[in-house]
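User: Could you take a close look at one residue in this model for me, and then set it against the chain as a whole? I'd like the cut-offs spelled out as you go.

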Amino acid sequence: MQSSKTERIRLSEDEVYRLVLKKITEWSPRSAVWPFTYGTGGIIAAAVASSTSINSVFRTKFRLGSYGRLHSLFPLVGIPITFGILFNFTYYMKPILLQERQCLICHELRIGAIQSVLGVVLPCVLAPLTSTYMAYRFLTYPIPSPYFSPKSMQHMAALLRPVFTKLRPRLIGFTALQFVVTGIVVDQQVRCVRRIADELYSFDEREIRDLR
């Protein structure tokens, strides 16, 4: 990258990314970089909405009412939020902000696949486990004892099979939602970077000195 003077200062990829990310977070007006301001929240919200909806189906099936609501929601909400933020800064935005030459659609599909795991696949594993355990613990639904016995597992598999069959169209919709939202966000972020590229990639010595 070229400084405000004529000499050239060599920066690593990580340093460039940190400088660009700092500029994005401090950009004024914020409306000019709205895909980065609200994009992460949109992607995470889609995963959380899918996750909580799937959880609600299983809680209704096992008549849990308000029993253990927070205990079942915590992993299903916390995991998409935590990993969504982590992946956003380490993987989702980095190729976009560095304008890496790669297939944009492929990048969108990879992000959509990751969010589908966080918002659809993971809840389909955790929600039945937490709901059946809560039903066993609070006696809201007949679950054979002991909970982890082969007989109990077979019984629960028979109970869960029709629930997943009924839930299948919704799961397809939730999966499509992750790809649509990530596709829109990534597309808008790319457009945003192209609009402000001249200012975004112009660093002065003070910025570089502060970084180092």
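Analyst: Let's start with the long-range picture: of the contacts in the protein chain with a separation of 6 or more, 77% are between residues 24 or more positions apart, a contact being heavy atoms within 4.5 Å. Keep in mind that this is a predicted model, where local features need pLDDT of at least 70, side-chain atom pairs count only at pLDDT 80 or more, and totals for chains, interfaces and linings use all residues. Numbering runs from 1 along each chain as its sequence is written, and side-chain values use heavy atoms, with hydrogens and water left out.

Now the residue: Ser-116 sits in helix α5, which covers residues 104-138. Helices here are DSSP runs of H or I with at least four residues, strands are E runs with at least two, and both are numbered from the N terminus. Ser-116 counts as buried because its relative accessibility is 8%, and buried means under 20% relative accessible area (1.4 Å probe, protein chains only). Setting aside neighbours within four places in sequence, Ser-116 touches Val-121, Thr-175, Gln-178 and Phe-179.

Zooming out, the protein chain has 8 helices and 0 strands. Buried residues make up 43% of the 212 in the protein chain. As for overall shape, the C-alpha trace spans about 75 × 30 × 30 Å along its principal axes. The radius of gyration is 23 Å, whereas a compact globule of 212 residues would be near 17 Å; that radius is taken over C-alpha atoms, and the globule rule is 2.2 Å times the number of residues to the power 0.38.

Terms used: Buried < 20%, exposed > 50% of the residue type's maximum accessible area, 1.4 Å probe, protein only.
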